[in-house]
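Please open the model in your viewer and keep the sequence panel beside it, since this tour moves from one selection to the next and says what to look for at each stop.

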Amino acid sequence: MILKDKTILIMGIRNKWSIAYGIAKSAYENGANLIFTYMGEENREKIEELTKDFEGRKAYVLNDASEDKMVAKVFTKIKEENGKIDGIVHAIAHANTEDLHNDFIYTSKEGFSHANDVSAYSFVLAARTAKEMDMLKENASLVTLTYHGSQKVLKGYNVMGVAKAALESSVRYLAENFGREGMRVNAVSAGPIKTLSAKGIKDFGSILTEVEEKAPLHRNVTTTQVGNVATFLLSSMSDAITGQVIYADSGYEIMGV
């Protein structure tokens, strides 16, 4: 129970196949009290059903995690109703479909800005807003999700790779800022998983096959495995780790070919 009595905010839960759900399940099983944000008032019943097994959980609508005023409004309500929190999990990313299916060179200005705003800036915004509102407890931990396409060219990942590279750099700069107060910031680079977001990547199935063939463990990862890594980073067991990208990808990242 390495998160016993800790309150964790998980931003961006969508369905039971999402990495956010895997993190929520692991955190809850390790004693955490959970708060969620999700998109769309019309999804309220769906999210309540999805999270019903997490006793005591609360959920708040956040339609645009990259909009300063909207995040401030929701975070104010979260703090008023729950007090300070021990950690934030940022599981938010998006790119326009055409920017994933076409060659990267054809990325539009709007598409480039959109991917970076939603996938990278939203994490910076969440961190800053929580800090300015004095929302984080001592020794709080912030965790975001990234992918190997930030470091290597993966066909079909395109502008999302650029956005994840910005996100990873943001982790390092935020870690330096938050470290002055004893708080930590890290990222988990998960191996490919069949999530709703992954469906937008062209020929995604071939990526799964590639990992099984070439990763040292010769298997793909699960949301449960990634969730356990995030739980570790949220806990005091990782209190010497900050500014890092931790790979949970069956070792695929270390392979040269």
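Is aspartate 134 buried, partly exposed or exposed? Bear in mind while looking that this is a predicted model. With a relative accessibility of 42%, aspartate 134 counts as partly exposed, because the class runs between the 20% limit for buried residues and the 50% limit for exposed ones. To find the residue, select the loop between α5 and β5 (136-146), which is where aspartate 134 is placed. Its backbone deserves a look as well, as phi of aspartate 134 is near 55°, a positive value in a residue that is not glycine.

**A second positive phi**

Select asparagine 158 next, where phi is near 50°, again a positive value in a residue other than glycine. Asparagine 158 lies in helix α6, which covers residues 158-179, and with a relative accessibility of 18% it counts as buried.

**Helix α5 against α6**

Keep α6 on display and add α5, residues 109-132. The axes of these two helices, α5 and α6, come within 8 Å of each other and cross at roughly 20°, and α5 and α6 are therefore roughly parallel to each other. The crossing in which α5 passes α6 is right-handed. On the α5 side the contact is made by Gly111, Phe112, Ala115, Asn116, Ser119, Ala120, Phe123, Val124, Ala127 and Lys131, and on the α6 side by Val159, Met160, Val162, Ala163, Ala166, Leu167, Ser170, Val171, Leu174 and Phe178. Coloured by class, the residues in the contact of α5 with α6 comprise 15 nonpolar, 4 polar and 1 charged.

**Alanine 115 within α5**

Now centre the view on alanine 115, a residue of helix α5. How is alanine 115 classed, buried or exposed? At 0% relative accessibility, alanine 115 counts as buried. If neighbours within four places in sequence are left aside, the residues in contact with alanine 115 are His94, Ala95, Ala120, Val159 and Ala163; of these, Val159 and Ala163 are also listed on the α6 side of the helix contact. For a distance to draw in the viewer, connect the C-alpha atoms of alanine 115 and asparagine 186, which are separated by 20 Å and lie 71 residues apart along the chain.

**The loop leading into α5**

Move to threonine 107, which is placed in the loop between α4 (97-101) and α5. Threonine 107 is buried, with a relative accessible area of 17%. What does the side chain of threonine 107 reach? Display the backbone oxygen of phenylalanine 104, which the threonine 107 side chain reaches at 2.6 Å. Apart from residues up to four places away in sequence, threonine 107 touches Asp99, Phe112 and Val159, and two of these, Phe112 of α5 and Val159 of α6, belong to the contact between those helices.

**Serine 66 and its surroundings**

Select serine 66, in the loop between β3 (58-61) and α3. At a relative accessibility of 16%, serine 66 counts as buried. The side chains of serine 66 and aspartate 64 are joined by a polar contact of 2.6 Å. With residues up to four places away in sequence not counted, serine 66 touches Asp117, Val118, Tyr121, Ser122 and Leu125.

**Helix α3 against α5**

Extend the selection to helix α3, residues 68-82, which packs with α5 at an angle of about 45°, the axes being 10 Å apart. The helices α3 and α5 are therefore oblique to each other, and their crossing is right-handed. Asp68, Val71, Ala72 and Phe75 in α3 meet Tyr121, Leu125, Ala126, Arg128, Thr129 and Ala130 in α5. By class, this contact of α3 with α5 has 7 nonpolar, 1 polar and 2 charged residues.

**Helices α1 and α8**

For the last stop, select helix α1 (residues 19-29) together with helix α8 (residues 223-234), whose axes are 7 Å apart and which pack at an angle of about 60°. That angle makes α1 oblique to α8, and α1 passes α8 in a right-handed crossing. Which residues make the contact between α1 and α8? From α1 these are Ile19, Gly22, Ile23, Ser26 and Ala27, and from α8 they are Thr223, Val226, Gly227, Asn228, Ala230 and Thr231. Coloured by class, the contact of α1 with α8 shows 5 nonpolar, 6 polar and no charged residues.

Note on methods
Residues are numbered from 1 along each chain as its sequence is written. This is a predicted model: local features need pLDDT of at least 70, side-chain atom pairs count only at pLDDT 80 or more; totals for chains, interfaces and linings use all residues. Side-chain values use heavy atoms; hydrogens and water are left out. Helices (H or I, at least four residues) and strands (E, at least two) are DSSP runs, numbered from the N terminus. Buried means under 20% relative accessible area, exposed over 50%, partly exposed in between (1.4 Å probe, protein chains only). A polar contact is a pair of N or O atoms within 3.5 Å; within protein, one must be able to donate a hydrogen and the other to accept it, and residues adjacent in sequence count only if both atoms are side-chain atoms. Contact means heavy atoms within 4.5 Å. Axes are lines fitted to C-alpha atoms, for helices over the stretch in contact, and angles run from 0 to 180 degrees between N-to-C directions. Angles under 35 degrees count as roughly parallel, over 145 as roughly antiparallel, 65 to 115 as roughly perpendicular and the rest as oblique. A crossing is left-handed if the near helix is turned anticlockwise from the far one by less than a right angle, and right-handed if clockwise. Ala, Val, Leu, Ile, Met, Phe, Trp, Tyr, Cys and Pro count as nonpolar, Asp, Glu, Lys and Arg as charged, and the others, Gly among them, as polar.
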